[in-house]
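Welcome! Here is a friendly walk through one protein model, taken a few places at a time. Keep the picture at hand as you read.

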Amino acid sequence: MRHRLLVPGAAALSLLLAIPASAADFSPGAPGVGDTYYPESGNGGYDVSHYDLRLKYQPKTDLLEGTATLLATTTQDLSRFNLDFGLKVSEIRVNGKKATFATSGKHELEVTPAAPLEKGRQISVVVRYAGKPSELKIDDFTAWARTPDGAVIAQEPDSAVWWFPSNDHPTDKATYDISVAVPDGTQALSNGVLASQTSKLGWTRYNWRSDQPQATYLTTLAVGKFDITTDTTANGLPVINAVSKDLGANEGSARASIERTTEITEWLESVFGPYPFNAVGGYVPNVPARYALETQTRPFYGKKAFDRGTNVSVVVHELAHQWYGDSVSLKDWKDIWINEGFAAYSQWLWSEKEGEGTAQELADYVYAQHPADDPFWKVKPGNPGAENQFDGAVYDRGALALQALRNKVGDKVFFDLLKSWPTEHKYGNASVADFVAFAEKKSGKQLAGFFDTWLFQPSKPASGAAKRALGAPRGSVAQPKSWKQIAATHDVHGH
């Protein structure tokens with residue numbers, strides 16, 4: 001069979017030549033960043049630098065109305081891109097022009113701009129939306145909690161999809177302006193500092209600003225009626241604490257705990273170096289939750305975290321995260337140890353400072369409490385698996401590894417590590433492997449085998465290794481005075 005060669009006319013040929021050669025390279029951004037545990041989290045093709053959220057919330061109906069403006073830079077030639085979001089969207093504009101959009105998967109919002117976007121271009125994305133977040137269920141779960149006088153959003157590893165569109169993974173951090181209008185007599189709390197507050201026609205608008213890089217899951221909102229106290233640290237850092245007015249019997253213990261925030265922050269600066277953000281504090285809303293979360297600059301504490309009375313240790317833990325987890329964030333959710341191991345160890349150091357048991361005594365006690373066949377040793381803090389991400393072993397065995405490291409490299413090198421890690425990785429992301437390499441560089445020792453034993457082997461370190469690292473306690477080991485309060489935070493770690 002013969003085929004006739006078709007030659008385009010002059011006009012058609014000139015049109016073909018006018019199309020940039022790179023046009024064929026425009027492609028959709030990935031619907032996820034490929035996280036080991038949560039591959040659908042986040043998106044590819046762009047980096048967000050700033051979120052401007054202008055919201056209005058009515059507690060009586062749970063109606064949230066919002067306009068989100070995202071400022072971003074493209075990292076590839078984009079034909080379209082995804083946002084992570086679950087509420088109903090009415091309009092999207094990219095660089096001022098209307099874009100088309102569709103939904104897919106559990107929380108994917110696919111955005112097609114009016115024209116393709118070249119790599120390296122600065123873009124603005126405006127999303128208008130409304131809905132009732134408590135009615136949005138993903139895997140039969142909602143992270144949005146209604147309270148008797150408002151609502152709260154604070155969850156890990158996901159929370160943003162219930163209230164603002166985002167690139168929802170810790171590797172894409174941004175600054176935030178969060179403006180929330182609520183009925184007069186109701187307050188709205190968020191991250192950072194309160195830039196301004198205005199009232200008009202029965203509504204009060206609170207404008208919060210968080211001016212350093214912040215992960216999406218660390219962004220929080222609480223609406224309700226709170227008793228708010230303010231303070232400043234010795235370095236002039238503003239401290240903002242809030243306690244719900246209807247906590248009942250837990251009010252005293254909650255307030256007594258979080259009012260230690262100033263003191264604890266000043267102490268943590270002596271351990272980890274200068275505080276990295278523009279404010280600090282904490283809040284306790286009236287939600288029947290036992291967990292706490294290190295929401296940036298303003299940790300969340302569930303009411304039930306204080307069922308057994310004051311718990312200063314959990315405040316130490318969440319504030320330590322401001323350095324370990326918030327300023328230096330994980331690269332992948334399998335790297336959870338660089339968040340939780342260090343925050344847990346800060347509780348041991350606080351115990352040492354308070355004279356309620358040294359970190360060594362706590363390490364000896366933890367090691368002795370778990371026989372070799374205990375499932376505790378099956379969990380690998382360096383990569384525990386999604387199902388064990390918040391298992392108690394990630395915290396206790398994770399802290400145990402740090403005490404073993406302290407003994408191996410000596411106090412001078414160890415405490416230099418604790419300060420230099422958040423200083424040299426400030427506002428960035430890091431992995432367990434990054435910390436191992438960092439520790440080797442700072443100590444001048446080969447530590448890969450050591451970390452493998454303490455973080456990655458699903459077994460109890462043998463007596464020889466434990467003896468070298470911990471002194472291998474024999475027989476019964478006395479329970480340190482601080483242990484009950486530290487143990488009381490174990491339930492708090494379940495998200």
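Let us start with a single residue: V239 counts as buried because its relative accessibility is 1%, where buried means under 20% relative accessible area, exposed over 50% and partly exposed in between, with a 1.4 Å probe and protein chains only. This is a predicted model, in which local features need pLDDT of at least 70 and side-chain atom pairs count only at pLDDT 80 or more, while totals for chains, interfaces and linings use all residues. Residues are numbered from 1 along each chain as its sequence is written, and side-chain values use heavy atoms, with hydrogens and water left out.

**Around V239**

V239 belongs to strand 17 (residues 238-244). Strands (E, at least two residues) and helices (H or I, at least four) are DSSP runs numbered from the N terminus. Leaving aside neighbours within four places in sequence, V239 is in contact with several residues, among them T229, T261, V280 and G281; contact means heavy atoms within 4.5 Å. Between the C-alpha atoms of V239 and E294, which are 55 residues apart along the chain, the separation is 15 Å.

**Two open sheets**

Two strands pair if DSSP finds at least two bridges between them. Here are two sheets with antiparallel pairing.

| Open sheet | Strand order | Edge strands | Average turn between neighbouring strands |
|---|---|---|---|
| Four strands | 9-10-15-12 | strand 9 (144-147), strand 12 (187-189) | 20° |
| Three strands | 3-7-6 | strand 3 (81-84), strand 6 (100-104) | 30° |

In the four-stranded sheet, strand 9 and strand 12 each have a single partner strand, so one side of each is left without a neighbour in the sheet. The partner of strand 12 is strand 15 (residues 221-224), in an antiparallel pairing over three bridges. Look for Q187, which stands opposite G224 in strand 15.

In the three-stranded sheet, strand 3 runs antiparallel to strand 7 (residues 108-112), and four bridges join the two. One place to find this pairing is D84, whose bridge partner in strand 7 is E108.

**The nonpolar core**

Which residues touch the most other members of the largest nonpolar core? They are W163, W348, L405 and F451, in a core of 142 residues. Such a core is a set of buried Ala, Val, Leu, Ile, Met, Phe, Trp, Tyr and Cys residues joined through side-chain atoms within 4.5 Å. Helix 7 (residues 392-409) gives the largest share of this core, ten residues. Apart from its neighbours within four places in sequence, F451 is in contact with W337, L405, F435, V436, A439 and F456.

**Helix 5 and its surroundings**

The loop between strand 21 (329-330) and helix 5 (337-354) holds D335. Is D335 buried or exposed? D335 counts as buried, because its relative accessibility is 2%. Not counting residues up to four places away in sequence, D335 touches L330, A430, S431 and V432.

Helix 5 packs against helix 6 (residues 359-369) at an angle of about 125°, and their axes are 8 Å apart. That angle makes helix 5 oblique to helix 6. On this scale, angles under 35 degrees are roughly parallel, over 145 roughly antiparallel, 65 to 115 roughly perpendicular and the rest oblique. Axes are lines fitted to C-alpha atoms, for helices over the stretch in contact, with angles from 0 to 180 degrees between N-to-C directions.

From helix 5, Y345, W348, S351 and E352 meet A359, Q360, L362, A363 and V366 of helix 6.
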